[in-house]
Amino acid sequence: MTDTAVPDLPRMGITPARISPYRVGAALFSLGVIVTLILIGAKFLQVEPSTPVLVESTLGQLGLWLAQQSGSASPNAHLLTMRDLLLGIITLALVFTLVGLVGAFLRNGSSWPRRALLLALLGLDSLIFIVPVLPGDETAGLVQLAIALMLAALLLAPGKVTKTLGFMVVLSAIMLGWELLKFSAQANDYKIVIGQPGYTFSAAETIEQSLNALERREINALIVDKKTIETLLAADNTPLSEAAAMPHPGLRYLTRIETEPRQLGLPIIPALPRRSVVVVRAEDTERWPSISQLVGEPLGTVQGDFALDRFLNAPRQWQLIDLSIGNDLKLPHLQVIAEALFQPARRNGDSLLLGILLDAAQITLKKAVLGFVIGVILGFVLGAVFAHSGLLERGLLPYVIASQTIPILAVAPMVVIWLKDPLWSVAVIAAYLTFFPVTINTLRGLKSPHPNALELMRSYAASRWEIFWKLRVPSALPYIFTALKVSATASVVGTIIAELPSGIPDGLGRAILNFNQYYASGPEKLWATIFVAAAMGISFFLVIAMLELVLLPKSMRAG
């Protein structure tokens, strides 16, 4: 009997990992992701081109648009191509998850298991922008479940936690929270409430019958439309001489009653409609300062009155949390926003919204870069001057700080009028937001060298110019790059704000203004524009961060 050769795993760079609860948890969550992805993939393998989950998806709608542009009589071929692309994304996510699952039980001194799971998370995040949320379809829910399981696996998986990993985990958690908020809001009818006792009331056939019942003390108050009783009785603040001339001089409608009551700072709903009023006897005008105090009192109204259905018959509730932010008008699904990007900006148009927004972003970015350069130069010069002149620092720095307290929306129109040039006016406003952090950080950085280092340079007979460039500026670079990263995003914000009053027909600012006018009918286009603007700001920030990595030694970045 011969001995079987056993592979020397340590020499191959692969070592079985010590079994720990974290690795087991990461493996179990990864296994859950794999099962969920298999279910999603199996569903799309079985769908026909006309299935709603494919047709209504972002890729499906893009395929229909491509079929329309190509003049194809049948869009099935384009839909099947998009289905194959979707299955490819699912397959890649599945493969990377399997790699991460294997890596949870192996140790080779690197963080590749966590990196593999991170790549799988990117695929899952793309699915949340592709798979539609449809009534009775569980596919979108499976995608959200897979993302939640993957986030748990990433937190437990072995490997170093990098900035990229942290950013993607937080971003994925935000997107998952976005969709869960909408699901929770819809499931709870967009509010979380505690039931309260309702009103006791009767409805008369005519207003005169109700008013007579109030005068006979059969009811204590009457809730009706204000227009119905304005000519029949006076308000509670009407002089007695004028009230006596009314058909019902002994009745008043209340103008000072609290119509939107609160309990512990939270509202009681529904509030009394603005068009409705409370009518009481003249001696009771101060008896009920709040509408909620009428609970348990015999009330009256008129059949068919607005307040009957909207207030008295409506369930009275104490609203703990208002979830109306989760409705489709205020917060569309992420898939709906992504679908809008890959659809024409106008119905039956030839240009996708994404292409239009990218062209607008290119125009905005050019002006943002110009303003950024102007602001950086101005900020560096001011910081250098303040660092070498205590008198100028004490005299001018307070005004530099005060300049940032002026609302940019108030400054922007004036700058546009003064300069009369759209390009330079926008660049100046972007520079206005950019120069301040550069000034402050440059000043702090130029003053950061140790006094011993300054004395050493002076002992070598170095001039102030040499000390500035050979000691102060290198010491200030970490501070300056920190300011540049802040100013990069600030220049984008300033440019977009400046484009609004400048009259420039192009740019993201103009796009935001245009789509804001149609928010009630298509909020997803405005959200898509905001996403593109945010992506541009993040890209600008990453460019500055890459320059910092290239130009600064690691020791200076750490310092």
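## Spaces, cores and unusual backbone in a predicted model

One cavity of 30 Å³ or more is counted in this structure. The model is a predicted one, so it is worth a look at confidence before going further. The mean pLDDT of the protein chain is 87, and 94% of its residues reach 70 or more. Confidence is lowest in strand E1 (residues 15-16), with a mean of 50, while strand E5 (residues 221-225) has the highest, at 95.

### The cavity and the pocket

Let us begin with the enclosed space. The largest cavity holds about 60 Å³. Its lining includes Leu-127, Ile-128, Val-131 and Val-133, along with Ala-140, Val-143 and Gln-144. Glu-179, His-333, Leu-334 and Gln-335 also belong to the lining of this cavity. Helix H5 (112-128), helix H6 (139-156) and helix H12 (334-341) each contribute at least two residues there, and H6 has the largest share, with three.

The open counterpart is the largest pocket, with a volume of about 720 Å³. It is lined by 17 residues, and the closest to its centre are Lys-163, Thr-164, Phe-541, Leu-542 and Ala-545. Which helices each supply at least two residues of this lining? They are helix H7 (163-187), helix H18 (464-502) and helix H20 (523-551). H20 gives the most, with eight residues.

Here are the two spaces side by side, with the class make-up of each lining.

| Space | Volume | Nonpolar lining residues | Polar lining residues | Charged lining residues |
|---|---|---|---|---|
| Largest pocket | about 720 Å³ | eight | four | five |
| Largest cavity | about 60 Å³ | seven | three | one |

### Nonpolar cores

Turning to the packing of side chains, the largest nonpolar core has 90 residues. Within this core, Phe-44, Leu-357 and Leu-508 have the most contacts. Leu-357 is a good place to zoom in. Leaving aside residues up to four places away in sequence, Leu-357 touches Leu-341, Leu-508, Ala-511 and Phe-515, as well as Ala-528, Thr-529 and Val-532. Leu-508 thus appears twice in this picture, as a contact of Leu-357 and as one of the residues with the most contacts inside the core. A separate core of 16 residues lies apart from the largest one, and Val-224, Ile-229, Leu-232 and Leu-251 are among its members.

### Backbone details worth a look

Most residues other than glycine have a negative phi, and most peptide bonds are trans. Against that background, three places in the loops invite a closer look.

The peptide bond from Ile-269 to Pro-270 is cis, and its omega is near 0°. Pro-270 sits in the loop between strand E9 (266-269) and strand E10 (276-281).

Arg-217, a residue other than glycine, has a positive phi near 65°. Its place is in the loop between helix H8 (207-215) and E5. Is Arg-217 buried or exposed? With a relative accessible area of 52%, Arg-217 is exposed, because the cut-off for that class is over 50%.

Leu-264 is not a glycine either, yet its phi is positive, at about 55°. This residue is found in the loop between strand E8 (262-263) and E9. Leu-264 also counts as exposed, at 76% relative accessibility. E9 therefore links two of these places: the loop with Leu-264 lies between E8 and E9, and the loop with Pro-270 lies between E9 and E10.

Note on methods
Residues numbered from 1 in each chain as written. Predicted model: local features only at pLDDT ≥ 70, side-chain atom pairs only at ≥ 80, totals over all residues. Heavy atoms only, no water. pLDDT = per-residue confidence, 0-100. Helix = DSSP H or I, 4+ residues; strand = E, 2+ residues; numbered from the N terminus. 1 Å grid on protein atoms, 1.4 Å probe; cavity = no way out; pocket = protein on both sides within 12 Å on 5 of 7 lines; lining within 4 Å. Points joined across faces, edges and corners; volume = space filled by probe spheres on them. Nonpolar A, V, L, I, M, F, W, Y, C, P; charged D, E, K, R; others polar. Core = buried A, V, L, I, M, F, W, Y, C linked by side-chain atoms within 4.5 Å. Buried < 20%, exposed > 50% of the residue type's maximum accessible area, 1.4 Å probe, protein only. Contact = heavy atoms within 4.5 Å.
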